[in-house]
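Reader: Before we look at anything, could you take me through how such a model is read, one feature at a time?
Author: Gladly; here is the material for our discussion.

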Amino acid sequence: MSAKEMMAVVTTGNGGYEKLVYQSVPIPVPESGEVLLRVLAAGINNTEINTRLG
């Protein structure tokens, strides 16, 4: 992983945990009027779970 990459959980489609892939992705570059935040912790709620299940 280079200094311009970060690790992320990427959704590859609807379904269960088998549709989540932990991989290296490019760090986003903010455009004018945007900011880049470092997320140290995150959670999910029922709406996100139901969306994932289709």
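Author: Let us start with contacts: a contact means heavy atoms within 4.5 Å. In this protein, among contacts between residues at least 6 apart in sequence, 23% join residues at least 24 apart. This is a predicted model, in which local features need pLDDT of at least 70 and side-chain atom pairs count only at pLDDT 80 or more, whereas totals for chains, interfaces and linings use all residues. Residues are numbered from 1 along each chain as its sequence is written, and side-chain values use heavy atoms, with hydrogens and water left out.

Reader: What does the protein average in pLDDT, and which element has the lowest mean?
Author: pLDDT is the predictor's confidence in each residue, from 0 to 100. The average for the protein is 87, and 98% of the residues score at least 70. Among the elements, helix α1 (residues 46-53) has the lowest mean, 77, while β2 has the highest, 93.

Reader: Which pattern does the protein follow along the sequence?
Author: Elements are DSSP runs numbered from the N terminus, with helices being H or I of at least four residues and strands being E of at least two. Here the pattern reads β-β-α, that is, one helix and two strands.

Reader: What radius of gyration does the protein have, set against a compact globule?
Author: The radius is taken over C-alpha atoms, and the globule rule is 2.2 Å times the number of residues to the power 0.38. A compact globule of 54 residues would come near 10 Å, but this protein has 14 Å. Its C-alpha atoms fill a box of roughly 35 × 25 × 20 Å along the principal axes.

Reader: In the loop between β1 and β2, is G15 buried or exposed?
Author: Buried means under 20% relative accessible area, exposed over 50%, and partly exposed in between, with a 1.4 Å probe and protein chains only. G15 is buried because its relative accessible area is 16%, and of the 54 residues of the protein, 7% count as buried. Leaving aside residues up to four places away in sequence, G15 touches R52 and L53.

Reader: Why does K19 count as partly exposed, and which residues does K19 touch?
Author: K19 lies in the loop between β1 (5-11) and β2 (20-26), and K19 counts as partly exposed because its relative accessibility is 29%. Beyond residues up to four places away in sequence, K19 touches V10, T11, T12, G13, N14 and R52. K19 and R52 are 33 residues apart along the chain, with their C-alpha atoms separated by 9.0 Å.
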